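Me: I have a structure open and want to go through some details. Can we take it piece by piece?

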Number of protein chains: 2
Amino acid sequence: MGDLHGDQLGLLDDCAAIDYKDEFLLMTTDMITQSSHLPPGSPFWNIGWHLVAVNLSDIAAMGGEPLGLVIALGLPDSYDSEMVEELLQGAHACASRFDTFILGGDTKEDATLTLSACALGRVSKSEIMRRKGANSGDFVYVTGCLGKAASAFYSLKKNPDDMDSMENLLHVEPRIAEGRALAQSGLVTSCMDISDGLASSLFQLGEINDVGFEIDLFRVPKCDSVESISGSMNMHYEEFVLYFGGDYELLVTAKDKGARELERVMSQQDIRFSQIGRVVESRRNTLIKDGMSTSLENRGYEHFRWNK
Amino acid sequence: MGDLHGDQLGLLDDCAAIDYKDEFLLMTTDMITQSSHLPPGSPFWNIGWHLVAVNLSDIAAMGGEPLGLVIALGLPDSYDSEMVEELLQGAHACASRFDTFILGGDTKEDATLTLSACALGRVSKSEIMRRKGANSGDFVYVTGCLGKAASAFYSLKKNPDDMDSMENLLHVEPRIAEGRALAQSGLVTSCMDISDGLASSLFQLGEINDVGFEIDLFRVPKCDSVESISGSMNMHYEEFVLYFGGDYELLVTAKDKGARELERVMSQQDIRFSQIGRVVESRRNTLIKDGMSTSLENRGYEHFRWNK
């Protein structure tokens, strides 16, 4: 959460949780700026989808059900109402896909495109998933596959007009249903979304829980395009699946006792859910790779920085 | 709500109202951009206060009690953590003054300063105040006094280093207690905050309710500095109290039957509350000025546009 001065505003969890009657209200905000996030020429519809999706992802990470979003658009003078309409259509499409609504917002003139959204959600007190709770011995899981955003990013670097890659990069699927299934299982000890890459998220989770991780690279689920595109760039695919952000899958820990049951629940709901390692007592994060134990590095590709 | 394309995102009310158990949750967002809102050299503490205050003002306008805010900061590279710390201190001070909290947020790098906040509030279903509800014959009221922001703005134009005026311009007091008192009275037919000036707000309220207004200029409460500063600028003071934004007082209508009782309730709570005119059936907005009936113009000073 946040490039600059993140610690000054940081939340321990993906959302603020407000104690409200028998539930928690979940509230989160994410800002998207032209310079940090958007490849030049990004279609407005996809920008709108992305804005809503990254905010809903924080609700998903805590097991929440979305109640609605408001959005604030800082728009350069040169933007006409058709561009804004497309952006809003993408935003509405994403909200609607996840059974929620854009409730309103604000538009202001700004020097460069700056978009901000705020998502509200709810979760019952017994179901909320937090970042704190992982213990040594727990199994570590991720939903879906990793490396999709990295593949899109590097494809775009090669061919800046590749619209498919641009759309893939911006197309985040917030894991709302997955988050709800995990929360309802009652078997999760901690959860967060992987916005800045798996390695970076594991370091954050380790710090909060005063634990380390032993991750088996072979078990980390790669998205389809990862091997071919990383190969064509002469890069090891681990750069794509460990050290690159933008995938927004859920990183989950669960007690070893409940692990089989959790895997069964997720499989019943047709959710791709991969065990990738264990929580360990030592704060050191290790990567098992080709049978060898190496150090997992604490780095991630924090936003795409097209203009740097 | 919003300069550009406001209709595409506009809300009918100051906040979105989410039907939630026996209450409404209120959710609003307001964005502040360097070019539209902030005089050059604005102190960071005051910017932070302002950001929170304008969002809480929307909660106040619906009679709500704030539950918390999240804020998103788009910050230029040149900003150091001390500036951000001051900004956050101002934001926390405003939240705390109104018994609420900054729950967290997001920071991103941006070309120019762009700040966005989202406020969450709640109000019981029986107490919520909306913009729709005014009827011809109702009395029209405002809280507090008008023209403070205009006075500060024109003083600053004369003397750009006048820190008192800069602070006055940014120092908005969201009318939370006033909004709660109005809501609890059960005597209000419509309410909104006057962000863009009294005339502009009356036109919005007239459009929503298909009514007009007859406003007595003599009854419009002027803040202390208005006459001297408008005089020194060779401007009529009505420019300051009718056609200039930034005061964030509440504009209220109430049935004539309950008007005396409402005035008594507000007076008991030491709230300055002035009757300024009546709601009329015709869509025409008139201004009674020196005993003559003239036309109230549909214009406001929408944001300050320092860089234009």
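Me: Is B:Asp106 buried or exposed?

Reply: B:Asp106 counts as buried, because its relative accessibility is 0%. Buried here means under 20% relative accessible area, exposed means over 50%, and partly exposed is in between, with a 1.4 Å probe and protein chains only.

Me: Which residue forms a salt bridge with B:Asp106?

Reply: B:Lys108 does, with the closest N and O atoms 3.0 Å apart. A salt bridge is a side-chain nitrogen of Lys or Arg within 4 Å of a carboxyl oxygen of Asp or Glu. B:Lys108 counts as buried too, at 3% relative accessibility.

Me: What should I know about the model itself and the numbering?

Reply: This is a predicted model, where local features need pLDDT of at least 70 and side-chain atom pairs count only at pLDDT 80 or more, while totals for chains, interfaces and linings use all residues; side-chain values use heavy atoms, with hydrogens and water left out. Residues are numbered from 1 along each chain as its sequence is written, and chains are lettered from A and ligands numbered from 1 in the order in which they are written.

Me: Back to salt bridges. How many are there over all chains?

Reply: The count is 38 over all chains. One of them joins B:Asp19 and B:Lys125, with the closest N and O atoms 2.5 Å apart. That pair links distant parts of the chain, 106 residues apart: B:Asp19 is in strand S1 of chain B, and B:Lys125 is in the loop between S5 and strand S6 (139–143). Helices (H or I, at least four residues) and strands (E, at least two) are DSSP runs, numbered from the N terminus.

Me: Where do B:Asp19 and B:Lys125 fall on accessibility?

Reply: B:Asp19 is exposed, with a relative accessible area of 53%. B:Lys125 counts as partly exposed, at 33%.

Me: What about B:Glu261, which residue does it form a salt bridge with?

Reply: B:Arg264, with the closest N and O atoms 3.0 Å apart. Both residues lie in helix H11 (residues 256–268) of chain B, three residues apart, about one turn of the helix. B:Glu261 is partly exposed at 34%, and B:Arg264 is partly exposed at 41%.

Me: Switching to the interface. How many residues of chain B are in contact with chain A?

Reply: 61 residues of chain B are in contact with 61 residues of chain A. Contact means heavy atoms within 4.5 Å.

Me: And how much area do chain B and chain A bury between them?

Reply: About 5100 Å², 62% of it on carbon and sulfur atoms. Buried area is the accessible area (1.4 Å probe) that two parts lose on being put together, summed over both.

Me: How many salt bridges are there between chain B and chain A?

Reply: Four. In one of them, the side chains of B:Lys21 and A:Asp22 meet at 2.7 Å, N to O. There is also a network of salt bridges that links A:Lys21, B:Asp22 and B:Glu23.

Me: How many residue pairs are in polar contact across the interface?

Reply: The rule finds 15 pairs, both residues at pLDDT 80 or more. A polar contact is a pair of N or O atoms within 3.5 Å; within protein, one must be able to donate a hydrogen and the other to accept it, and residues adjacent in sequence count only if both atoms are side-chain atoms.

Me: Which element gives the most to the side of chain B that touches chain A?

Reply: S3(B), with nine residues.

Me: How are the two copies related?

Reply: A turn of 180 degrees and a shift of 0.0 Å along the axis lay chain B on chain A with an RMSD of 0.0 Å. The two copies are therefore related as by a two-fold rotation axis. Superposition is by least squares on the C-alpha atoms of residues with pLDDT of at least 70 in both. The same surface serves both copies, as 100% of the contact residues of chain B recur in chain A.

Me: Last topic, backbone. What is the phi of A:Asp99?

Reply: Near 55 degrees, a positive value in a residue other than glycine. Most residues other than glycine have a negative phi. A:Asp99 is in the loop between helix H4 (81–97) and strand S4 (102–109) of chain A, and A:Asp99 is exposed at 66%.
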